[in-house]
Amino acid sequence: MCLSEINGIHLNQSEVLLKFKSLVHGFTARTGGVSEGEYKSLSLSPHRGDDIECVRENEKILCKALGFDHKRLTSTCQEHTDNIKIIEKEHIGYGISSLWDEGVDGIITQLKEVPLICYSADCVPILFFASDIEAIGAVHSGWRGTDKRIAEKTVKKIIDMGADARNIYAAIGPCIGICCYEVSEDVAKNFERVYYKEKTGGKYMLDLGKINFDLINKCGVPKDNISLSGICTKCRNDIFFSHRAQNGKSGTLGGIICMR
Ligand SMILES: [Zn+2]
């Protein structure tokens with residue numbers, strides 16, 4: 001994972017996706033936008049209390065920096081579901097200028113020049129590319145989505161579209177690390193023992209990034225095709241929004257990907 005600056009926007013980019021010249025992708029940082037206070041400054045989700053005009057302006061700034069038409073920006077509508085939608089022409093702009101009528105935590109498309117964005121502030125953002133069928137995806141996977149195996153279901157959906165798992169690539173973006181993600185027993189026990197460490201007082205430290213890595217790998221996607229940022233959003237709240245570090249009042253990062 002490397003931190004790049006593109007026209008004033010800081011992006012974490014993954015080596016596994018950077019090698020495809022037809023792709024533009026990245027996980028945003030806090031910098032470069034117009035929002036204020038807890039949302040300072042590139043807050044991208046309209047559902048966390050930030051001024052909607054600021055979010056719309058931030059979308060425009062991000063799209064302009066990356067050379068995208070912001071009117072084609074298409075997003076999730078995150079409700080911790082395992083709903084995954086395939087974006088066809090009629091869905092362009094959904095989640096931004098038109099509303100989904102249900103929770104959608106994963107989006108996939110084979111359309112070019114349609115930037116897909118998912119949101120996070122500690123949860124796990126994942127970007128996908130299938131090089132053989134030219135499909136991209138953006139997925140939000142918090143602990144509930146991880147428990148519902150949305151990453152695995154996304155890979156299976158891309159395979160159903162005709163891709164070979166060996167040609168699927170996935171970048172897992174900055175999320176809260178096992179260093180900081182303290183959960184109660186009823187959350188931890190949803191997952192295999194190897195994914196959490198027990199602390200005193202009935203608390204557990206959970207490794208969401210690793211669980212998602214393994215969910216993708218178990219579908220046949222080679223380990224070398226999957227990257228884990230290794231960056232903890234709570235530890236690095238100076239660079240990233242963190243729901244936990246900011247006591248639930250934070251802006252939202254974006255995982256964005258587009259095929260040229
Ligand atoms: Zn941490």
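This text walks through a sheet, the helices across it, a nonpolar core and one exposed residue.

The model is predicted: local features need pLDDT of at least 70, side-chain atom pairs count only at pLDDT 80 or more, and totals for chains, interfaces and linings use all residues. Residues are numbered from 1 along each chain as its sequence is written.

Six strands form an open sheet with mixed pairing, in the order β5-β6-β9-β8-β10-β14. Strands are DSSP runs of E of at least two residues, helices runs of H or I of at least four, both numbered from the N terminus; two strands pair if DSSP finds at least two bridges between them. Because β5 (84-87) and β14 (226-228) each have a single partner strand, they stand at the edges. Strands β8 and β9 (residues 135-141) run antiparallel and are joined by seven bridges, with Phe128 opposite Gly137 in β9.

Helix α4 (residues 150-160) lies across β5, β6, β8, β9 and β10, at about 165 degrees to β9. Angles run from 0 to 180 degrees between N-to-C directions, with axes fitted to C-alpha atoms, for helices over the stretch in contact. Contact requires C-beta atoms, placed from the backbone, within 7 Å.

The largest nonpolar core (buried Ala, Val, Leu, Ile, Met, Phe, Trp, Tyr and Cys residues joined through C-beta atoms within 7 Å) has 74 residues, of which Ile126, Phe128, Ile168 and Ala170 touch the most other members. Strand β8 (residues 124-130) gives the largest share, six residues.

Glu53, in helix α2 (residues 52-66), counts as exposed because it has 11 C-beta neighbours inside 10 Å. The cut-offs within 10 Å are 12 or fewer other C-beta atoms for exposed and 20 or more for buried, with partly exposed in between.

Definitions and conventions:
Two residues are in contact if their C-beta atoms, placed from the backbone, lie within 7 Å.
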